[in-house]
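I wanted to get my bearings in a structure I had not looked at before. These are my notes, in the order I looked things up.

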Amino acid sequence: MKIKKILVLTFLTVASSMWGATRLTVEDCQKMANENYPLIVQYDLMEKFKEYADKEVRNSWLPQFIFNAQASYQSDAPDIPGDIRSSLPPTVSIDGISLDQYKVGLEINQTIWDGGYFKHQKAVNESKLLTDRKDLDVQLYKLNATVNDLFFGIILIDESLKINDHQIALLNQNLKYLSSHLQNGTITQSDYDAVYVQKLQSEQQTKQLKSMHSQYMATLKKFIGVDDSVELDLQKPNLENIDFVGAVNNRPELQLFEAQQSLLNSQRRAVNTSLTPKIGLFASGFYSNPGLNFVEDMMDNQWSWNYIVGVSLKWNIGAFYNRKSSLNKIKTQSNLIDTNRELFLFHNDIEQTQSNKEIDEIKQQIEDDNTIISLRKSIREAAESKLKNGVIDVNDLLTKITEERVSMLTKCKHDVDLMKAIYKLKYTNNN
């Protein structure tokens, strides 16, 4: 992941220096932000954790070795009854089992049937990994909303700068006209100064917008993992190619709910597996005093080698005690997930309805904006013509220029609002 990030950064830096600004769409920025976000490393960590968990389950099928050593002293031990001892010939000596006893040995256990534990525990690990990954998908998906805000914030500033440049050009054009009239004495210095002050204010607003642009762009570059020296050219989306009719909801939250249910199903099967008996082989070899032959050890108290081999069956009857409560707990969790899913879809449906209405309203506003701008332009041009003929004063012209600028800024905002609303709808249903 780090190597890929370095290669992308190097390519963008070289491309920017050779061919100018790097063009990026909002989708490009979303993808780059997801790949650059520090949380992305958790995907690899989850895979490793799952590998370790599977290895632990697989190891349960390996032979289990248990080394043990024991030294003890006991109050009594097996011995020959007195009446039998008295009947033995004098040449026969029986000391009985020693009260202090010692044992050093090795025990081996090998499972040959686990009732499906390995299979179902591995399925639980798979489901747990899937659930964790989907949960991480949800967290990373929220990053798209932040990227959208930054991206369209920069677009709005860019468009506002163009409108400001247009107004400054208009003011310079009128200043050039007024300058000649000031020299001829047909206008006063205050008339010229009023237009000049308006120009200075517009230039001041341009500086403020450029400062905001720099801040927004620096933040966006941090999110997408691009060096500050790389010049970016953000491309406005083509809204005509976007169609939401019949779109399926692909939000990662829905996939998370499915993964959580799958995990519960795996856990339910694992609970049932815990009720089945387990069969295995065992072998125990030890060097001890006394050994397994008590009669011989009574006559000759010494260390000896011994072993036991066999087949074992283990059945944890106690698992039945908690089975019902465990299954009820899983059922309750399943119901809770279903409730959360319905709640999510309820709010998601409301958001989609609101977004669709907002899009329709903005489109209507943009149609009105186009008419208003056309009229404001005609009014401003008429005011400039009247000024040249001495019919209108400078302050009236400035009012008309400002009103035209405001109408253009309003349409600019509505255009960006439409982009944001459409991409908000795309975010709402992940289409």
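**Starting from one residue**

I began at Asp396, which I found in helix α10, residues 394–429. First reminder to myself: this is a predicted model. Is Asp396 buried, exposed or partly exposed? Its relative accessibility is 35%, so I put Asp396 down as partly exposed, since that class lies between 20% and 50%. Next I looked up how far Asp396 is from Arg380. The two are 16 residues apart in sequence, and their C-alpha atoms are 9.6 Å apart in space.

**Thr371 and helix α9**

I moved on to Thr371, which sits in helix α9. Its relative accessible area is 46%, so Thr371 is partly exposed as well. I then checked the spacing between Thr371 and Ser407. They are 36 residues apart along the chain, with 9.8 Å between their C-alpha atoms.

Then I looked at α9 as a whole. It runs over residues 319–388 and has 70 residues. From first C-alpha to last it reaches 98 Å, close to the 104 Å expected at 1.5 Å a residue. What comes just after α9? I found Gly390 there, with a positive phi of about 75°.

**Helix α5**

I did the length check on α5 too. This helix covers residues 117–184 and has 68 residues. I noted a reach of 101 Å from its first C-alpha to its last, close to the 100 Å expected at 1.5 Å a residue. Just after α5 I came across Gly185, which takes a positive phi of about 80°.

A general point I jotted down while scrolling along the helices: an α-helix has 3.6 residues a turn, so residues three or four places apart point the same way.

**How the helices pass each other**

At what angle do the axes of α5 and α6 cross? I got roughly 160°, with the axes coming within 8 Å of each other; α6 is residues 189–224. Angles over 145 degrees count as roughly antiparallel, so that is how α5 and α6 run relative to each other. I also logged the hand of the crossing: α5 passes α6 in a left-handed one. Sorted by class, the contact of α5 with α6 has 20 nonpolar, 14 polar and seven charged residues.

Then I tried α5 against α9. They pack at an angle of about 10°, and their axes are 12 Å apart. Angles under 35 degrees count as roughly parallel, so α5 and α9 get that label. Their crossing is right-handed.

**The sheet**

In what order do the four strands of the open sheet come? I read it off as β2-β3-β5-β6, with antiparallel pairing. The edges belong to β2 (64–73) and β6 (304–314). Each of these has a single partner strand, so one side of each has no neighbour in the sheet. Ignoring direction, neighbouring strands are turned by 20° against each other on average.

I went through the pairs one at a time.

- β2 and β3 (residues 100–113) are joined by ten bridges and run antiparallel. Phe65 has Ile108 in β3 as its bridge partner, and Gln64 stands opposite Asn109 in β3.
- β3 and β5 (residues 278–289) are antiparallel, with eleven bridges joining them. Here Ile108 turns up again, with Ala283 in β5 as its bridge partner. Tyr102 is partnered with Asn289 in β5.
- β5 and β6 are also antiparallel and joined by eleven bridges. Ser284 stands opposite Ile308 in β6.

So I could step across part of the sheet by residue: Phe65 pairs with Ile108, and Ile108 pairs with Ala283.

**A cis bond to finish**

Which peptide bond did I note as cis? It is the one from Asn289 to Pro290, with omega near 5°. I had already met Asn289 as the bridge partner of Tyr102. Pro290 lies in the loop between β5 and α8, which is residues 294–299.

Note on methods
Residues numbered from 1 in each chain as written. Predicted model: local features only at pLDDT ≥ 70, side-chain atom pairs only at ≥ 80, totals over all residues. Heavy atoms only, no water. Axes fitted to C-alpha atoms, helices over the stretch in contact; angles between N-to-C directions. Helix = DSSP H or I, 4+ residues; strand = E, 2+ residues; numbered from the N terminus. Parallel < 35°, antiparallel > 145°, perpendicular 65-115°, else oblique. Left-handed = near helix turned anticlockwise from the far one by under 90°. Nonpolar A, V, L, I, M, F, W, Y, C, P; charged D, E, K, R; others polar. Expected span 1.5 Å × (residues − 1). Pairing = 2+ DSSP bridges. Buried < 20%, exposed > 50% of the residue type's maximum accessible area, 1.4 Å probe, protein only.
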